[in-house]
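Okay everyone, thanks for making time. Let me put the structure up, and then I'll walk you through a few spots in it.

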Amino acid sequence: MKTIFYPGLGETKKNYRSLSKHLIMADIDWNKRKATSSKNCDTVVSFSLGAVFSLDAALKRKLKKLILCSPTPFESLGKHKAEKVIFIIGEKEKFLQKIFKPLCKKNVEMIIVPKGDHKINKTYEKILLQNIE
């Protein structure tokens, strides 16, 4: 199973060295709204504003999993083609929990990172990697 990761605004592969051992790290040109293609990946993961690219992939083609880590708020998952959607959100990100709770229905779940906030720390990373498999 191949997995690609779309980082948040202003972030690069360097921000995610430990994750890069497990995931393909996408390059994003925010000015041109272009990013590494997820075409050959069946799991797409993103952090924060990177959700724009991962959600776009899930709307266009079938995915096994779409994992949205502390995504930028949005109102709907649209007609996505992911078999399973997982929101991973920090315990301290109450606003995001409130926004995404109504979207948690069939095959859509939310996992709360204990003591987590808007950054991928070791606990957050461990939960993320457990859910990729």
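So, the largest pocket holds about 180 Å³ of space. Keep in mind that this is a predicted model. Which residues lie nearest the centre of that pocket? They are S38, F53, D56, A57 and K60, out of 13 residues that line it. Helix 1, residues 51-60, and strand 4, residues 34-35, each give at least two residues to the lining. Helix 1 has the largest share, with four. By type, the lining comes out as six charged, four nonpolar and three polar residues.

Okay, on to the strands. Strand 6 covers residues 63-69, and because six of its seven residues are buried, the rest of the structure largely encloses it. Strand 5, residues 43-47, pairs with strand 6 in the parallel sense, over five bridges. One pairing to look for: V45 has I67 of strand 6 as its bridge partner. To get from strand 5 to strand 6, the chain goes through helix 1, and this β-α-β crossover is right-handed. Strand 6 is also joined to strand 7 by six bridges, and those two run parallel. There, look for C69, which stands opposite I88 of strand 7.

Last stop is E83, which sits in strand 7, residues 82-90. Is E83 buried or exposed? It's exposed: its relative accessible area is 52%, and the cut-off for exposed is over 50%. Apart from its neighbours within four places in sequence, E83 is in contact with L63, K64 and N107. And remember S38 from the pocket? E83 and S38 are 45 residues apart in sequence, and 16 Å apart in space, C-alpha to C-alpha.

Definitions and conventions:
Residues are numbered from 1 along each chain as its sequence is written. This is a predicted model: local features need pLDDT of at least 70, side-chain atom pairs count only at pLDDT 80 or more; totals for chains, interfaces and linings use all residues. Side-chain values use heavy atoms; hydrogens and water are left out. Buried means under 20% relative accessible area, exposed over 50%, partly exposed in between (1.4 Å probe, protein chains only). Contact means heavy atoms within 4.5 Å. On a 1 Å grid over the protein atoms alone, a cavity is a set of points where a 1.4 Å probe fits but cannot get out, and a pocket is an open set with protein on both sides within 12 Å along at least five of seven lines; lining residues have an atom within 4 Å of a point. Grid points are joined across faces, edges and corners, and a volume is the space filled by probe spheres set on the points. Ala, Val, Leu, Ile, Met, Phe, Trp, Tyr, Cys and Pro count as nonpolar, Asp, Glu, Lys and Arg as charged, and the others, Gly among them, as polar. Two strands pair if DSSP finds at least two bridges between them. A crossover is right-handed if, with the strands pointing away from the viewer, the path from the first strand over the helix to the second runs clockwise.
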